[in-house]
Amino acid sequence: MSDDIAEGIGPHEERREFDRSRLIVDVFFDGKDATGVASTKDISVGGFYMNTQTTIPEGSLLLVRIPFGQGRQVVCNAQVVYSNPGRGVGVRFQGLSEEARTLLEDELADD
């Protein structure tokens, strides 16, 4: 067992590149095999975890839309990097535009 795990740092926490916020918003997702609405559990400029009972396998590519109100939204591609069937998935943003990144940073700063 590595020292990191022995100290209580889980493998998913070690890989996180960005601080996550507990901002909870609806997310609309569309993929090859799954389409729906879910809610975020936590989110960062790198990606987010969404609560969904839909089974979405790791590696799946999704188009996600995250509305923030006042007509502001983030629309981009995301890849499923972690799947917890029946509970949710962790996704990493792919090709996040500078405008979308700035909007996310602003929304997360208000949290």
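Select phenylalanine 48 and valine 91: Phe48 stands opposite valine 91, which is in E6. Strands here, like helices, are DSSP runs numbered from the N terminus, with at least two residues for a strand (E) and at least four for a helix (H or I). This is a predicted model, in which local features need pLDDT of at least 70, side-chain atom pairs count only at pLDDT 80 or more, and totals for chains, interfaces and linings use all residues. Residues are numbered from 1 along each chain as its sequence is written, and side-chain values use heavy atoms, with hydrogens and water left out.

**Stop 1: E3 and its two partners**

Show E3, residues 47-51. E3 and E6 pair in the antiparallel sense over five bridges. Two strands pair if DSSP finds at least two bridges between them. Now add E2, residues 35-43. E2 and E3 are also paired in the antiparallel sense, over four bridges. Pick serine 39: its bridge partner in E3 is asparagine 51. Follow the backbone from E2 into E3 and you pass through a hairpin of three residues.

Is E3 enclosed or open? Four of its five residues are buried, so E3 is largely enclosed by the rest of the structure. Buried means under 20% relative accessible area, exposed over 50%, and partly exposed in between, with a 1.4 Å probe and protein chains only.

**Stop 2: the barrel**

Colour by strand. The six strands form a closed barrel in the order E1-E2-E3-E6-E5-E4, with antiparallel pairing. Neighbouring strands of this sheet are turned by 45° against each other on average, direction ignored. Move on to E5 (72-84). E5 pairs with E6 (residues 88-94) in the antiparallel sense over seven bridges. Valine 80 stands opposite valine 91 in E6.

**Stop 3: helix H3**

Select residues 98-110, helix H3. H3 packs on the sheet and touches E2, E4, E5 and E6. Contact means heavy atoms within 4.5 Å. The direction of H3 makes about 80° with that of E5. Axes are lines fitted to C-alpha atoms, for helices over the stretch in contact, and angles run from 0 to 180 degrees between N-to-C directions.

Within H3, pick glutamate 107. Buried or exposed? Glutamate 107 counts as buried, at 14% relative accessibility. Add phenylalanine 68: the C-alpha atoms of these two are 7.7 Å apart, with their positions 39 residues apart in sequence.

**Stop 4: the core**

Which residues touch the most other members of the largest nonpolar core? Select Phe48, Met50, Val64 and Ile66, in a core of 25 residues. The elements that give two or more residues to this core are E1 (26-31), E2, E3, E4, E5, E6 and H3. A nonpolar core is a set of buried Ala, Val, Leu, Ile, Met, Phe, Trp, Tyr and Cys residues joined through side-chain atoms within 4.5 Å.

**Stop 5: two threonines**

Go to threonine 52, in the loop between E3 and E4. At 8% relative accessibility, threonine 52 counts as buried. Leaving out residues up to four places away in sequence, threonine 52 touches Phe29, Ala38, Gly86, Arg87 and Gly88. A polar atom of its side chain lies 3.1 Å from the backbone nitrogen of threonine 54.

Compare threonine 35, in strand E2. Threonine 35 is exposed, with a relative accessible area of 58%. Leaving out residues up to four places away in sequence, threonine 35 touches Phe29 and Asp30. The side chains of threonine 35 and aspartate 30 are joined by a polar contact of 2.8 Å. A polar contact is a pair of N or O atoms within 3.5 Å; within protein, one must be able to donate a hydrogen and the other to accept it, and residues adjacent in sequence count only if both atoms are side-chain atoms. Measure on to valine 64: the C-alpha atoms of threonine 35 and valine 64 are separated by 9.8 Å, at 29 residues apart along the chain.

**Stop 6: glutamine 70**

Select glutamine 70, in the loop between E4 (61-69) and E5. Its phi is near 55°, a positive value in a residue other than glycine. Glutamine 70 counts as exposed, at 80% relative accessibility.

**Zoom out**

Show the whole protein chain: three helices and six strands. From the N terminus on, the elements run α-α-β-β-β-β-β-β-α. Of the 111 residues, 36% count as buried.
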